[in-house]
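Here's a friendly walk through a protein model for anyone meeting it for the first time. Have a look at the sequence and the 3D view, then read on.

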Amino acid sequence: MDAIIIAVVSVTGISAVCAVILCMASKFMAVKEDERMVKIRECLPGTNCGACGFPGCDGYAAALISGGDVKTNLCAPGAAAVLERLSDILGVAAGDLEVKMAVVRCGGGDLEQNKKMDYKGIETCIAAKQLFGGEGMCAFGCLGYGDCKTVCPSGAICMENRLARVIPKLCTGCGLCVKACPNKLITIENESIPVAVLCNNIEKGAVVRKKCSNGCIGCKKCVRECEANAIEVQDNLAIIDYEKCTGCGRCAEVCVTKGIKLFAYKEAGDGNPFKETQIQTSN
């Protein structure tokens, strides 16, 4: 009996001493958290998309309070609201916000792209990609199962004719769709771009025509017609230099396959000359 009592007392004593040591360690060795970190983390959207260039929202918050030259306008999903709050917390100028949006570089849906087989597997793009590159003949095109739509936190992507399409007013430019697309069809661009080449196929024109009616055939007609010299053909695919592009829309007008689409049009006298047009779709 005495042995049991001694054991209990010993264990209790040791526990009490350890508790005291832990309490003292937590007090004297504690790392104080910057109050700004909590405030910044609360105002960030929490999508952890990485569009800011840092590993998630926590990484961006830590970079902002580290004292480095990290801008407060890097959060694409948060847009102007987050930019203003971050600037207030850190006591710095807000700066300009570049509004971004996703662009699906494909115009070949069910009506435009020929099929090489009937796919009966798991209905995801990444699964279809594993089986001979999907059911469409174009190995560079949209696979049509909406992996990008599934990961979009703002509901900005819809499927139209088995083809992913972006709704600009809802898109935050977070870039999650870019990571989800196995064919790397989606790019993030400035919202103000007037036109885009909706094709990613680098095969020769004759091959492209057999696979998709909307594919770029590298005919260079758009190159010849562009007065700003903003277009060139690289690897059989038209590429637009948005630094030179004036948004006249001439390339879209003359495109033989209609693979270049207008995102906007110019209107003289308007303070914001770019207006959304045919890129908009509805769910």
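What share of the contacts in the protein chain with a separation of 6 or more comes from residues 24 or more positions apart? The figure is 55%. Keep in mind that this is a predicted model.

## The big picture

The protein chain has 283 residues, and 38% of them count as buried. Along the chain you'll find 10 helices and 10 strands.

As for the outside, the accessible surface of the protein chain is about 16,100 Å². Carbon and sulfur atoms account for 56% of that surface.

## A buried threonine

Let's zoom in on Thr72, which sits in the loop between α3 (56-64) and α4 (79-90). Thr72 counts as buried because its relative accessibility is 5%, and the cut-off for buried is under 20%.

Who are its neighbours? Leaving out residues up to four places away in sequence, Thr72 touches Tyr60, Leu64, Leu83, Leu86, Ser87, Leu90, Val92, Ala93 and Ala94. With Ser87 there is also a polar contact between the two side chains, at 3.3 Å.

## Salt bridges

The model has 7 salt bridges. One of them pairs Asp58 with Arg41, with 2.3 Å between the closest N and O atoms. This pair links distant parts of the chain, since Asp58 is in helix α3 and Arg41 is in helix α2 (residues 35-43), 17 residues apart. Both ends are partly exposed: Asp58 has a relative accessible area of 42%, and Arg41 comes in at 26%.

Another salt bridge joins Glu135 and Lys115, whose closest N and O atoms are 3.7 Å apart. Glu135 lies in the loop between α5 (125-130) and α6 (147-151), and Lys115 in the loop between β1 (100-104) and α5, so this pair ties together parts that are 20 residues apart in sequence. Glu135 is buried, at 9% relative accessible area, whereas Lys115 is partly exposed at 42%. Glu135 also meets Arg162 in a salt bridge, at 2.8 Å from N to O. Here the link runs from the loop between β2 (157-159) and β3 (164-166), home of Arg162, to the loop of Glu135, 27 residues apart. Through shared partners, Lys115, Glu135 and Arg162 form one salt-bridge network.

## A hairpin

How do strands β6 and β7 pair? Strand β6 (residues 231-234) and strand β7 (residues 237-240) run antiparallel, paired over 4 bridges. In one of these, Ile231 has Ile240 in β7 as its bridge partner.

The two strands make a hairpin with 2 residues between them. In the turn, Asp235 has a positive phi of about 50°.

Terms used:
Residues numbered from 1 in each chain as written. Predicted model: local features only at pLDDT ≥ 70, side-chain atom pairs only at ≥ 80, totals over all residues. Heavy atoms only, no water. Buried < 20%, exposed > 50% of the residue type's maximum accessible area, 1.4 Å probe, protein only. Polar contact = N/O pair within 3.5 Å; in protein donor to acceptor, adjacent residues only side chain to side chain. Contact = heavy atoms within 4.5 Å. Pairing = 2+ DSSP bridges. Areas by Shrake-Rupley, 256 points an atom, 1.4 Å probe, with all protein chains shown as cover. Salt bridge = Lys/Arg side-chain N within 4 Å of Asp/Glu carboxyl O.
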